[in-house]
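Let's take a walk through this model, sheet by sheet, and finish at the ligand.

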Amino acid sequence: MRGIAFIGGDGPPPDLCRLLVEEAGRPSLLAAADSGLIAAEAAGLRPDWVLGDMDSLGDLSRLEAYPPDRVLRCEADKDYTDTELALNLLWEKGCEEVWLAGGGGGRLDHLLAIRSLFERERRPSRWITAGEDVRSVEAPADLNLAGAAGSLVSVFPLGPGPWEAESSGLKWPLAGLPWDRGFFGVSNAAEAGPFTLRAIRGRFLVIMPLPPSPAAGGGKVIIDGRAAARKIQDGVKARCAALRERGTIPCLAVILAGENPASLSYVGAKEKALAEAGMASRDYRLGEHVSQGELLSLIETLNADREVHGILVQLPLPSHISVDSVIGAVDPAKDVDGFHPVSVGNLVLGRPGFLPCTPHGVVVLLREYGIPLSGAHAVVLGRSGIVGKPLANLLARRDLNATVTLCHTGTRDLAAITRQADILIAAAGRPGLVSADMVKEGAAVIDVGVNRVPDPSAKKGYRLRGDVDFEPVAEKAGYLSPVPGGVGPMTIAMLLQNVLQAAEGGLYV
Ligand code: NAP
């Protein structure tokens with residue numbers, strides 16, 4: 001019997017999942033972890049076993065749909081335990097041969113770790129990493145593809161052997177691989193030039209990242225945060241409907257102290273999105289002069305209220321109130337803003353917990369656009385506790401694997417640093433701070449800043465402007481997120497996701 005484990009790195013494309021299941025021949029055991037589960041489900045497959053990587057930024061609440069005795073949880077941050085667990089599980093279940101299928105992710109270090117695992121165990125296993133471009137080639141034939149420099153290419157034998165192939169443009173030549181034993185997997189790293197495969201005997205599947213994005217070819221991509229957020233909100237809405245059927249209506253309590261116009265507008269937008277997703281909200285509008293004691297006692301009541309799943313205290317608070325005391329009073333299990341010290345600690349340590357919405361939204365946006373994070377130099381401009389610092393920590397986590405530089409007003413020669421950024425994230429609250437000469441050609445620039453600048457021609461007397469000087473930077477950047485319509489909608493989408501997770505109880509079980 002063969003077993004297949006669909007594992008992380010964005011998961012293999014659904015077509016590939018289906019193809020592998022066909023190819024493996026039933027009955028085959030499926031295990032899935034992290035984004036592999038999403039991939040398997042998208043392919044219409046229901047894994048026998050599911051494996052949750054608790055370090056992951058993925059959607060672990062999906063595990064709840066499986067019987068508890070079929071769910072394994074692990075922390076894969078350190079040594080790819082999810083992969084080892086998946087392999088061991090399938091071996092224990094009597095699979096003589098295990099195939100691991102994961103997303104591309106560009107993780108050469110991951111590939112090498114898996115390869116050494118295979119070498120150590122010396123049991124038949126294959127590692128099939130997946131880009132989005134899947135081609136089948138039957139010998140005798142030559143395949144020529146544009147290079148996907150440094151990323152992973154898989155060449156996978158299909159159908160009955162024997163197989164023989166040779167290649168150019170790959171780090172390790174394919175010729176002479178023990179295809180029939182498959183110990184070494186068949187993934188490889190592309191060199192800078194084109195990749196060619198000569199299939200001498202047998203049929204092969206070639207999986208590699210999609211051709212370079214328009215940005216890499218000099219085109220410019222304006223990131224559509226509204227569309228990305230809509231996708232997330234649609235998913236939240238569907239899961240919310242399922243939860244309602246089981247008798248739970250996710251509910252967020254929103255506390256607003258004072259009449260800050262920007263806060264009023266944020267709270268309004270959040271409540272509208274909650275209603276659209278089929279969630280309930282409770283609105284607590286307190287006056288500017290509310291005392292700290294009153295606010296704390298309201299939070300205490302909401303902490304104890306079982307119908308309230310999340311508590312959001314809109315910042316800023318009036319100056320006589322201690323923000324730290326208020327945030328610290330929220331039950332961490334209801335801390336859907338991710339600001340509580342427990343949530344912050346979990347984030348830094350790479351443990352499961354609520355992620356703060358804006359930083360998480362930025363990461364999801366980068367991933368949505370396929371912007372490579374692993375090994376990229378990310379420069380974060382701003383070190384606030386709600387954006388810059390958590391974002392820098394997230395990006396540096398092993399599963400995202402970026403190299404991060406965190407800048408602030410004490411940074412010397414800011415432009416010299418930002419010009420090194422593959423990914424530049426501006427969260428300084430200074431309109432137009434990032435000029436074109438601070439940006440490297442082709443970089444991905446994410447503008448978190450939301451600044452109201454006076455504009456007599458606008459109906460409201462002001463317009464919103466980001467921290468990035470939009471037009472000139474758009475000429476130079478590979479990707480640029482606009483303001484409005486970039487990070488803002490993602491913040492709301494991630495909030496809804498957190499409320500849903502709180503209602504599903506997914507994070508603290
Ligand atoms: P913040 O608390 O004021 O922090 C700003 C950070 O930027 C500080 O660390 C500051 O450095 C740094 N900074 C300011 N000017 C700088 C300069 N000239 N050079 C280098 N660093 C500079 O602001 P925040 O709460 O993080 O918010 C930042 C921006 O994001 C604001 O425009 C805010 O409205 C926006 N925001 C948007 C969303 C959304 O959903 N889209 C959510 C939250 C915030 P020091 O630490 O040295 O002072």
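Here is a short tour of two sheets, their helices and the ligand shell.

Keep in mind that this is a predicted model: local features need pLDDT of at least 70, side-chain atom pairs count only at pLDDT 80 or more, and totals for chains, interfaces and linings use all residues. Residues are numbered from 1 along each chain as its sequence is written.

Start with the open sheet of three strands, ordered β16-β15-β17 with parallel pairing. Strands here are DSSP E runs of at least two residues and helices are H or I runs of at least four, numbered from the N terminus; two strands pair if DSSP finds at least two bridges between them. β16 (280-286) and β17 (310-313) are the edge strands, each with a single partner, so one side of each has no neighbour in the sheet. In the parallel pair of β15 (residues 251-257) and β17 there are four bridges, and Ile255 has Val313 of β17 as its bridge partner.

Now for the six-strand open sheet, also described by parallel pairing, in the order β14-β24-β21-β20-β18-β19. Its edges are β14 (221-222) and β19 (403-407); each has a single partner strand, so one side of each is left without a neighbour in the sheet. Five bridges link β18 (residues 377-381) to β19 in the parallel sense, with Ala378 opposite Val404 in β19.

Finally, the ligand: it is surrounded by 26 residues (C-beta atom, placed from the backbone, within 6 Å). Gly382, Ser384, Thr409, Gly429 and Thr491 are the closest. Helix α14 (residues 487-504) gives the largest share of the shell, three residues.
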